[in-house]
Amino acid sequence: MTIQVAAPAEAEAKPRYKLAMYWASACGGCDVAVLNLGMKLIEFTERWEPVFWPAAMDGKRADVRAMDDGEIDVCLFDGGIRTDEDAEMAHLLRAKSKVLVAFGSCASEGCIPGLANQRSIEHVLAAAYDPELNDVTDGQVPNGPWESPYGELHLPTLQVRLQTLAQVVDIDYSVPGCPPETERIAEVLGAVTAALDGTGPLPPKGAVLGAGTSTVCDECKRERGVKSIKEFKRIQTLAEVDPDLCLLEQGLPCCGPAARDGCGAKCPAAGAPCIGCYGATQGVNDFGARLLSAYASVVDASEPEEIERILAGLPDTVGQFYRFSLAASLLHGGRS
Amino acid sequence: MTAPMTTPQTSAMAPAVTAQPFEPLILGFTCNWCSYRAADLAGTSRIKYPDNVRLIRLMCSGRMEPEFILEGFAKGADAVIMTGCWPEDCHYRIQSVKALRRFLFLRRMLSDLGIEPARLQRFYASAAEGKRFADEMTRIVAEVKALGPIPPEIRVTLAAEPAAPAPVAEPVEVEA
Amino acid sequence: MTAPKTGVYICHCGTNISAMVDVEAVRDWALDELGDKGVVVSRDYPFMCSSLGQELIEKDIKEYGLERVVVGACSPHMHEKTFREASSNAGLNPYLAELVSIREQVSWVHTDKAKATEKAKAIIAGGVYRVAEHEPLEPLIAPVNNATLIVGGGIAGLTAALEIAKAGYPVHIVEREPSIGGHMAQYDKTFPTLDCAACILTPKMVDAGAHKNITLHTWSEVVDVSGSVGDFKIKVKHKPRYVVEADCTGCGICWEKCPVQVIDTGFESGLGYRKAIYTPFPQAVPKYPVLTPDDCTYFAKGTCRACEKFCPVDCIDFTQTDEFVEFNVGSILLATGFQPFDARRIESYGYGRLPNVFTSMEFERMSNAAGPTGGKIVLRDGVTEPKAVAIVHCVGSRDKNTNEYCSAVCCMQSLKFAHLVREHTKADVYECYIDMRTPGKGYDEFYNRVLEEGTQFIRGRVAEITDSLRYPEEEGHEGRLIVQVEDTLAGVKRRIPVDMVMLSTGIEPQADATEVARMFGVGCSSKGFIIERHAKLDPVATMTDGVFAAGTALGPRDIPSSVSNGAAAAATILSRIAQGEIAMEPYRASVDTERCSGCRICNDLCPFSAITFDEMAMVTNINPKLCQGCGVCVAACPANAISGSGFSHHQIMAQIDGLLSYPGGSDGRPVEEAVGATA
């Protein structure tokens, strides 16, 4: 099942490392971001042998089980841990991998699927399989063993809440982003290759790779001044977005001040507020709390009624402050 | 649609009659210049109040990071109290107001996460208001007792047990 | 990371703590349960703050090589310094020692010993967790400006001003009245020696006015205070006198010629008159008069200008406006004094309704030879000498309806009045008191003297003062006042007919005391008296470094106490000046510019202007000299680029964990159960 690549002669002296990539509870965008490496990906295969990658090649769990512990050099694990299958694969790949990387926002912070942690499993399933909206399952709610027209099917069972990879197993690194920027992925793979070759530094365990240690504002080119928020606005209600001015100063709830840099501030550059997919920056325990504190600090009001009025401009506080990081928040077991 | 589980159904969900009355665990934050000294004054004046509250001293109520409060809830507090200077008497002039803003923002978000607003309390106490400090402590403890513990279903959502280790049982192939 | 070696010390505080907290249990628990947090030694001691207690810590630091110290005792506001110094003596950085309060927060406020003990354990755990995150700090050193601002030119402020000026350092006195002197200048005699108040006060006023190191800002108010300990920037408003001080000789022709007579509700307490341009009293310092536009005909109608016409040196200037001056000082003394209780608030005493009911301040002016009656004690008609006088104690003091506190001076001033009435008239004097409080030097002797002089003392609070006669035996007393009082010693109700009643009014904070306290950043009681840093051991310092208080601004007290306060404050201030610099808590915010994204969230949060933005580097900077350590920017920084020493994120998070992790909830719930299980 290995991809056979005609390796150039000069590379033959160098070892070829074993790479796995797994897709747990996630949208698959992380896998696509890796595939977006394009020609670079082909170059990487000179040094990397994909041994397990459900999104790109055939492979069964049994194949992984058959491997020796630590046989995989690096596993990029994307997706949160929402089902018993996710958890099982997390434990399995942990055992089989020398280096386990929480790859992308879901594995690192829970991401959008993590927002379902606000509700019970019953509520989540009822919403997902609401017969009014969804006729695929004929009103049945598939979860675990399921009577299908073809006999009993065993589907993964939802657990109480979605967890990040680090909440379930010991991880070595994480790469943030929804998805991680493709050029950052290339850098990470390059750096890891060098580290394994012994020609580059090995990042300390727990390090966040493929990102900076400041926030998106550091990369954002917009002009900015002292902040004073009189009103939160929604971008669709703005007649015009000033192309040069800081979006937060225009009243748009931009997550740039709190989101880790590394993405190149692409969203603000395109006129859309940062939604915080790179997550909390270095040393921050709780992205939402940080951003909330920053916003509240610069609200231009002293009276409770006026503060509440401005706050009402953020109708979904959890979505605003925890769009990507609810599962990793302090309240959801984020800090050990 | 099922009702959001964050709708507090405390009375219905609470365990049936327990042998011991519920004693809440409450975390309180104080400002070095006013409310901490008010607590000191309550002490020197020997004014009694319930023992449920554990205090932390900050230099200013404006030092309050929302993370501190979330950590409190995550680590088992049934309620958190923010105290500070009367806004017009703030030792750092205008910083008490910043605490107010963060308090209102955070209370809203906690409420959206299923933690009742009454579990995040705030009051002002000057250094001379030892009596007030003790009275407020008594009031808040009574209020939180009436609320009961944070409902178990919220607690579970807050910090559930980690997923079970990999099952050694028969692998289950997915064919959907 | 291994936990730093930590010593835990539990104080009994005599029995203050040990009566409500099982200190031995806490001691053993700390060693058993907090071992993995680094606790290697845990002790209890009757008085940790004693020299023996401190030696215990010092010895352990050396023997065990302790890296952290946690003391469970009283409030850090009481003994934090003590234990920091003890640690420092043994070679441990003082900021690696933490004092947590199990007295004010536990033993003194709780009643269930088992639960109090559990809470004490949690507090100790909080301290142990927190201190592990501490880092060595050095106090910040700031130079002390050698100038002093004294707010209020009464006897307390004057005393301090003269002491500091004599030592050779500049003093600014800001006084909002036209003259320095304060209330004492209004008094006739001072108890118990019966010195003439003016005779002992005016030399000090003259000295202060003439001293080269003292700058007087009379008819002025402080309008802004900025800067911080060691170097405050003061802005003072000089209200217009409409008199050019540089030219005025104080000759007095202007007020002689001024045709407008105004009831003098200030210095003369409403008993006398002044002109629209006036000096409050002949010995006023400075000598320049003040013109009050509200009273002046020229300001009302545009004509008159008598003062201007007759002024021999042409120093009247109707165009003057507020002037503002700014200067820097290193220390501030608040000696803002008091206001007498407004006797109108007790309606049953009839002040303001019954003409012959007087207040103590009115009496002071009346019995003063330089006062409106030339020292004659007469009824409101100005001529009739009273035949019987009642003096009512505790007016506005020791009364739940007004002020619960004792005003400290009323008993003695009442005794003084009794003596003066008998000296000036042949009247019978009745003193109606609740308790006679004469604890000062020579005070009780004075009481005995007044007793022997024949004053009649009635122990009882006066219920009512009325001019309506009720009983047949009161016939013939028409036009007189009846004082209704229960004589609690004789057990009878008495209605005493008198001609004059003197209400011994109490001491209240100035009407704007809370605003003044706020401007200077000091704490005050809900009534408005400034709170001392320590009521007994630091009685003239306030909670704010570099700001001191003296006299009745702190609470009711007599002249000797006010003078002592002033002198004590002067000594404290001089000691600061002599040191030349001051050590400040090193609690400051700082920016990691590598981490700062330049988002500018924090830029407008600092009221002390410590935060600036570097447009070139696109990062924020914090000036540690201006930073006051509140930590608002630390909490606001979304990039986690600002950290606050002494109250860092990690320290506080650790303390929260400690407080909540041990020994479970206050109802004994193990923490796992409380949180909902962790594996």
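Which residues form a negative surface patch? In this predicted model, the patch is made up of A:Glu223, A:Glu240, A:Asp242 and A:Asp244. One of these residues, A:Glu240, sits in the loop of chain A that runs between helix H9 (182–197) and helix H10 (266–269). A:Glu240 has a relative accessible area of 66% and counts as exposed, because exposed means over 50%.

Another acidic residue of chain A, A:Asp31, belongs to helix H1, which covers residues 29–35. A:Asp31 is buried and has no salt bridge. The nearest side chain of opposite charge is that of A:Lys60, 15 Å away from A:Asp31. Apart from neighbours within four places in sequence, the contacts of A:Asp31 are A:Met21, A:Trp23, A:Trp53, A:Ala55 and A:Asp78.

Chain C can be described as a whole. The table lists some of its overall values.

| Property of chain C | Value |
|---|---|
| Helices and strands | 18 helices, 36 strands |
| Box filled by the C-alpha atoms, along the principal axes | roughly 95 × 70 × 45 Å |
| Buried residues | 58% of 679 residues |
| Exposed area | about 27,400 Å² |
| Charged side chains | 65 positive, 86 negative |

Carbon and sulfur atoms supply 50% of the area that chain C exposes. In chain C, the centres of the positive and negative sets of side chains lie 3 Å apart. Of the contacts in chain C between residues at least 6 apart in sequence, 69% link residues that are at least 24 apart.

Notes. Residues numbered from 1 in each chain as written. Chains lettered and ligands numbered in written order. Predicted model: local features only at pLDDT ≥ 70, side-chain atom pairs only at ≥ 80, totals over all residues. Heavy atoms only, no water. Patch = residues over 30% accessible without salt bridge, like charges linked within 9 Å, V, L, I, M, F, W, Y side chains within 5 Å. Areas by Shrake-Rupley, 256 points an atom, 1.4 Å probe, with all protein chains shown as cover. Salt bridge = Lys/Arg side-chain N within 4 Å of Asp/Glu carboxyl O. Lys, Arg positive; Asp, Glu negative; His and termini not counted. Charge placed at Lys NZ, Arg CZ, Asp CG, Glu CD. Helix = DSSP H or I, 4+ residues; strand = E, 2+ residues; numbered from the N terminus. Buried < 20%, exposed > 50% of the residue type's maximum accessible area, 1.4 Å probe, protein only. Contact = heavy atoms within 4.5 Å.
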